[in-house]
Amino acid sequence: MQRLAGTVWSDVTLRRTRGRADPDAPSRAVALPAAWEDGAADALAALVPEAGSGARSLSLVSLAEAWIRRAAAGAAALGLPEAGSLAEALRALLLARRGAPGASVWRDSTGEEPRFVLNLPAFLEAPAGFDSVGYARAVRLAVLALEGLSAGRARRLRIGFADLAGLLAGLGLDYESREAREVAQAISALTRGAAEAASGECAAMLGERAPVTLFAPPPPAACVVPGLAEAAREALDAAAGAPGLRHESLFALCPADAVEALLGAESAGLAPAAGPSRLTDAGGEEPTAAARRAGSRAEALLAPRGPEARAAMQAAVEPFLHAGAPAPVAASERPRPAPMPAPTRAAARGQVWKVSIAGHKVTLRTAEHPDGTLSEVSLTLAKDSAAFRGVLDALCQSVSLGLARGVPLAEFVQAHAYTRFGPAGVVEGDPRIARATSILDWGFRRLALEYLEGPALADPTEEECGAELGAAAGEQPLLPLEAPAGPKARRRSLRLVG
C-alpha cells in the first residue's frame with residue numbers, strides 16, 4: 001500500500017465484513033470504509049464474481065485502484081485535460097459515494113458501452129440545496145474517465161444518475177409534484193450540458209465525431225432548488241460553444257447493476273421509491289435512507305406510486321436524454337378479450353403481507369387504484385443481495401407496467417405460480433397458503449386470493465417444494481421466526497497505512 005501514500009486513501013479507516021453476490025453464493029471477506037453499511041459488501045461481491053477475482057477476499061481499495069489507474073493512464077496517453085489529477089479526483093468521488101463506473105469497468109470486461117453512475121442524494125446540501133458545481137464537476141470527471149478507459153475509442157458513453165427519489169425526499173418534494181419534475185428537468189439539463197461540454201474538450205484535442213446540438217431542450221426557467229436552474233442553463237450554453245463533440249451519445253439512464261448499491265443509491269435512475277422502510281436481517285423493519293432524509297414526512301413522500309407518476313417523470317426528463325428512455329412508458333389501457341373479473345372491494349391505498357418461507361422473511365406490498373383493483377406489486381426478501389434485489393425489482397416493475405397496459409392479473413398468476421427455486425417450503429404467517437415452491441409462487445398465489453375470484457390454487461406437496469431446488473430449499477432458517485435480534489458482533493477495523 002506504500003504507493004497509495006499521500007492519496008485520499010491514506011486517511012481511510014477500513015473494516016472487515018462479509019458479503020455475498022446473491023443469497024445462494026458463499027460469503028467472502030470484504031474490506032470497506034468503516035462508515036459504509038454492510039449492503040455495500042454484497043454489492044462489491046456482486047461486482048467482482050468469484051470466478052473473475054481469483055481470490056475469496058475483496059478490498060474496495062485494490063479493486064477501485066485497478067480501474068482508476070487504467071482511467072488515469074489512458075487519459076494521460078491521450079493528453080486529456082487534468083490527466084495528472086484525474087486519479088485522485090476519482091478516488092475522492094468514490095469515497096464520497098458520489099459516483100463510480102458500471103460493473104463492466106470493475107470487471108475489466110469489453111463489449112459494452114462504458115457506463116458511469118452519479119448518486120444524486122450524495123450531492124444534497126443543507127438546507128434544501130444541491131451542489132450544482134460539484135455535480136457538474138463529477139459529470140466532467142465521468143466523461144474524462146470513460147474516455148481514458150476506452151483509450152479514446154468509445155463513440156458512445158452512458159453517463160446517468162441514480163436515486164432521484166432519494167434526492168427529492170431529501171428536498172422535501174413529493175415525487176408526483178410539478179416542483180419535483182422541474183428539479184428532475186434541471187438536473188437532466190445540467191447532466192447533458194456538462195457532459196457535452198466535456199466531450200467538446202475531448203474533441204478539441206482528439207477530433208470531433210458529432211456536431212453540437214444547437215437547439216437542445218431548454219431547462220425550466222426556475223425551480224425550488226436555489227441556483228440549480230441557472231447552473232443548468234450555463235452548462236447548456238457552455239456546451240453550445242464547443243466546436244464539435246467527441247461522442248455521439250453521452251447522457252443515458254440504464255438499468256441498475258451492483259454499482260448503485262455500492263454507492264448507497266436505493267432506486268435506479270428516475271424510478272420512484274419502493275417505500276419508506278425495508279426489512280432487516282433480523283426480520284424487522286427499518287427506515288430507508290430516503291425516509292431518514294424526509295423525516296416526519298417520510299410516509300407521505302415515499303408512499304407507493306402508480307405507473308402514471310413514473311410516466312409523468314419520464315416525460316419530463318426524456319427530452320434531455322441522448323439514448324432512449326430508461327424504461328418503457330406505460331401506455332393507456334387497451335381493450336383485451338375476456339379479462340378475468342376482479343371482485344368488488346372497498347377502495348384502499350394498498351396492502352402489505354409478511355411471511356416466512358423456509359425461514360426466510362418475505363414481504364409483499366401492493367398499491368391499488370381508487371376502485372380497489374391492483375396497480376403495482378413489490379416483493380422483498382430480508383436476506384437478498386444487491387443482484388437478487390435488482391432482478392426481483394425489475395420483475396415486479398414489469399408486472400406493474402403490464403397491469404397498467406391492461407394485462408389481466410390472471411395471466412401473471414398463471415406464469416409465476418408454482419415456479420421453483422429456493423427458498424421454498426413451509427410458509428409461516430399466511431393462514432391460507434401452507435407451502436410454496438418459491439417466493440414468486442407464494443406471492444402470486446396470494447395476489448390471486450386477494451384480487452381474483454375463483455377457487456384457491458392448491459398448495460404444492462412437500463416433495464414439489466424440495467426436489468431439485470438445491471440447498472436453498474432445505475436449508476435451516478436464517479433465524480427462528482420468533483427469535484429476538486441478538487447484539488451485533490463487534491467488527492475490527494483496519495486502518496490503511498501509507
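The buried residues of helix α4 pack against quite a list of elements: α3 (60-78), β4 (99-101), α5, β5 (115-119), α6 (132-149) and α10 (258-263). Since this is a predicted model, read everything below in that light.

Which residues of α4 are buried? They are Ala83, Leu86, Ala87, Ala89, Leu90, Arg91, Leu93 and Leu94. As for length, the helix covers residues 83-95, and at 1.5 Å a residue its 13 residues should span 18 Å; the end C-alpha atoms sit 19 Å apart, so the two values agree.

Now for what comes after the helix. Arg97 follows α4 and has a positive phi, and its place is the loop between α4 and β4. Arg97 counts as buried because its relative accessibility is 12%, under the 20% cut-off.

One of the packing partners, α5, deserves a look too. Helix α5 runs over residues 103-106 and holds Ser104. With a relative accessibility of 9%, Ser104 counts as buried. If you set aside neighbours within four places in sequence, Ser104 is in contact with Ser109 and Glu112.

Next, the sheet. Five strands make an open sheet in the order β14-β13-β12-β15-β16, with antiparallel pairing. Its edge strands are β14 (374-381) and β16 (435-436), each of which pairs on one side only. Strands of a sheet pair through backbone hydrogen bonds, in either a parallel or an antiparallel sense. How many bridges join β13 and β14? Seven, with β13 covering residues 360-368 and the pairing antiparallel. To pick out a bridge by name, Arg365 is partnered with Ser378 in β14.

Just ahead of that strand there's a backbone feature to check: Ala358 lies in the loop between β12 (350-357) and β13. Phi of Ala358 is positive, although the residue is not a glycine. Is Ala358 buried or exposed? At 13% relative accessibility, Ala358 counts as buried.

Here are the two positive-phi residues side by side:

| Residue | Phi | Loop |
|---|---|---|
| Arg97 | near 60° | between α4 and β4 |
| Ala358 | near 55° | between β12 and β13 |

One more backbone spot is worth a click. Where is Pro127? Pro127 lies in the loop between β6 (124-125) and β7 (129-130). The peptide bond leading into Pro127 from Ala126 is cis, with omega near -10°.

Terms used:
Residues numbered from 1 in each chain as written. Predicted model: local features only at pLDDT ≥ 70, side-chain atom pairs only at ≥ 80, totals over all residues. Heavy atoms only, no water. Helix = DSSP H or I, 4+ residues; strand = E, 2+ residues; numbered from the N terminus. Buried < 20%, exposed > 50% of the residue type's maximum accessible area, 1.4 Å probe, protein only. Contact = heavy atoms within 4.5 Å. Pairing = 2+ DSSP bridges. Expected span 1.5 Å × (residues − 1).
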